[in-house]
Amino acid sequence: MADLKQDTADLSTIPIRVLIVDDDAQLRQSFEKLLTAEGHTVKTASSGETAISLVKAAVPDLVIMDVRMPGMSGLELLPRAKAARPDVPVIMITGTNDTHDLPVAMKRELHALLFKPISTTQMLAAAKAALDQWGRIDGLVNSAYYHPDWGPLIEHDIDQVLQAFDVMLDQRA
C-alpha cells in the first residue's frame with residue numbers, strides 16, 4: 001500500500017485515466033499523444049453526447065473539454081458530467097478570450113480554463129494541479145487504484161474470504 005503514495009512532482013508517477021472532449025481532431029490527438037507518452041490512459045470524444053457515455057463507462061480521473069463544440073457544448077456537458085461524476089476535476093479549453101458565457105457557477109466547478117493555443121507545459125501543469133487539488137495523486141484516493149464506490153464491495157469480498165478461511169480452518173481441525 002505504501003507504494004501508492006508517490007512523488008507528486010511528476011505527473012507521470014501515477015497512471016491516470018483522462019477523457020479529452022473536443023471537436024478538433026488535431027487537438028484531441030495532440031493531447032492524447034502527450035498524455036499517453038506520460039503513461040496515462042486516454043479516451044477521446046468528438047462530441048458532448050459521446051463524452052457523457054464515456055464519463056459513465058470509463059470513470060476518468062480527469063476530463064479536459066472544449067467550451068464550444070457543435071451539438072452539446074462544453075457548457076452543456078459540464079453539469080451532465082458532474083452529475084455522473086461529481087468528484088472528477090474538469091479543465092475547460094477555449095479558443096476565444098470571451099468568457100462571458102461561462103456562468104459563475106460553472107467557473108466554480110472548473111479546475112482551470114485554458115486558452116488556445118495551449119503548450120504541453122501548460123496542459124501538464126494544469127492536469128497535475130487539478131489532480132493534486134482533487135486528491136488523485138496523493139494517497140489511496142487515486143481512482144486508478146481505488147474508487148469510493150468500491151468500499152462496500154471490497155469489504156464484502158474481504159468478509160467472504162475470511163469466512164471461507166474460517167471454514168477451511170474448521171475442516172482441518
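Ala84 is found in helix 3, and this residue makes a convenient way into the predicted model described here. With a relative accessible area of 30%, Ala84 is partly exposed, because values between 20% and 50% fall into that class. Once the neighbours within four places in sequence are set aside, the contacts of Ala84 are with Val55 and Lys56. Val59 can be placed relative to Ala84 as well: 25 residues separate the two in sequence, and their C-alpha atoms are 9.4 Å apart in space.

Both contact partners of Ala84 take part in the packing of helix 2 against helix 3. Helix 2 spans residues 48-58 and helix 3 spans residues 74-84, and the two pack at an angle of about 15° with their axes 9 Å apart. Helix 2 and helix 3 are therefore roughly parallel to each other, since angles under 35 degrees are classed in that way. Their crossing is right-handed. On the helix 2 side the contact is formed by Gly48, Ala51, Ile52, Val55 and Lys56, and on the helix 3 side by Leu77, Arg80, Ala81 and Ala84. By class, six of these residues are nonpolar, one is polar and two are charged.

Arg80, which also lies in helix 3, deserves a closer look. Its relative accessibility is 48%, so Arg80 counts as partly exposed. Beyond four places in sequence, Arg80 is in contact with Ile52 and Met72; Ile52 belongs to the helix 2 side of the packing just described. The C-alpha atoms of Arg80 and Glu49 are 10.0 Å apart in space, while the two residues are 31 apart in sequence.

A second helix pair brings together helix 1 (residues 25-37) and helix 5 (residues 120-133), whose axes come within 11 Å and cross at roughly 65°. Helix 1 passes helix 5 in a crossing that is right-handed. Here Phe31, Leu34 and Leu35 of helix 1 meet Thr120, Met123 and Leu124 of helix 5. This contact comprises five nonpolar residues, one polar residue and no charged residues.

Helix 1 also contains Glu32. At 27% relative accessibility, Glu32 counts as partly exposed. When residues up to four places away in sequence are left out, Glu32 touches Ile20, Val42 and Thr44. Lys43 is eleven residues from Glu32 in sequence, with a C-alpha to C-alpha distance of 7.7 Å.

Attention now turns to the strands. Thr94 lies in strand 4, which covers residues 90-94. Its relative accessibility is 5%, and Thr94 therefore counts as buried, as the cut-off for that class is under 20%. Outside its neighbours within four places in sequence, Thr94 is in contact with Asp66, Val67, Leu113, Leu114, Phe115 and Lys116. Lys116 is notable for another feature: the peptide bond from Lys116 to Pro117 is cis, with omega near 0°. Pro117 itself is located in the loop between strand 5 (112-115) and helix 5.

For the chain as a whole, the model has six helices and five strands. Starting from the N terminus, these elements follow the order β-α-β-α-β-α-β-α-β-α-α. The protein chain has 173 residues, and 40% of them count as buried. Among contacts between residues at least 6 apart in sequence, 65% join residues at least 24 apart.

A word on confidence may help in reading the model. The average pLDDT of the protein chain is 75, and 64% of the residues score at least 70. Over residues 1-9 the pLDDT stays under 50, and the model has 17 contacts beyond four places in sequence for this stretch. Residues 137-159 also have a pLDDT below 50, with 38 contacts in the model beyond near neighbours in sequence. Where pLDDT is low, predicted coordinates should not be read in detail.

Key
Residues numbered from 1 in each chain as written. Predicted model: local features only at pLDDT ≥ 70, side-chain atom pairs only at ≥ 80, totals over all residues. Heavy atoms only, no water. Axes fitted to C-alpha atoms, helices over the stretch in contact; angles between N-to-C directions. Helix = DSSP H or I, 4+ residues; strand = E, 2+ residues; numbered from the N terminus. Parallel < 35°, antiparallel > 145°, perpendicular 65-115°, else oblique. Left-handed = near helix turned anticlockwise from the far one by under 90°. Contact = heavy atoms within 4.5 Å. Nonpolar A, V, L, I, M, F, W, Y, C, P; charged D, E, K, R; others polar. Buried < 20%, exposed > 50% of the residue type's maximum accessible area, 1.4 Å probe, protein only. pLDDT = per-residue confidence, 0-100.
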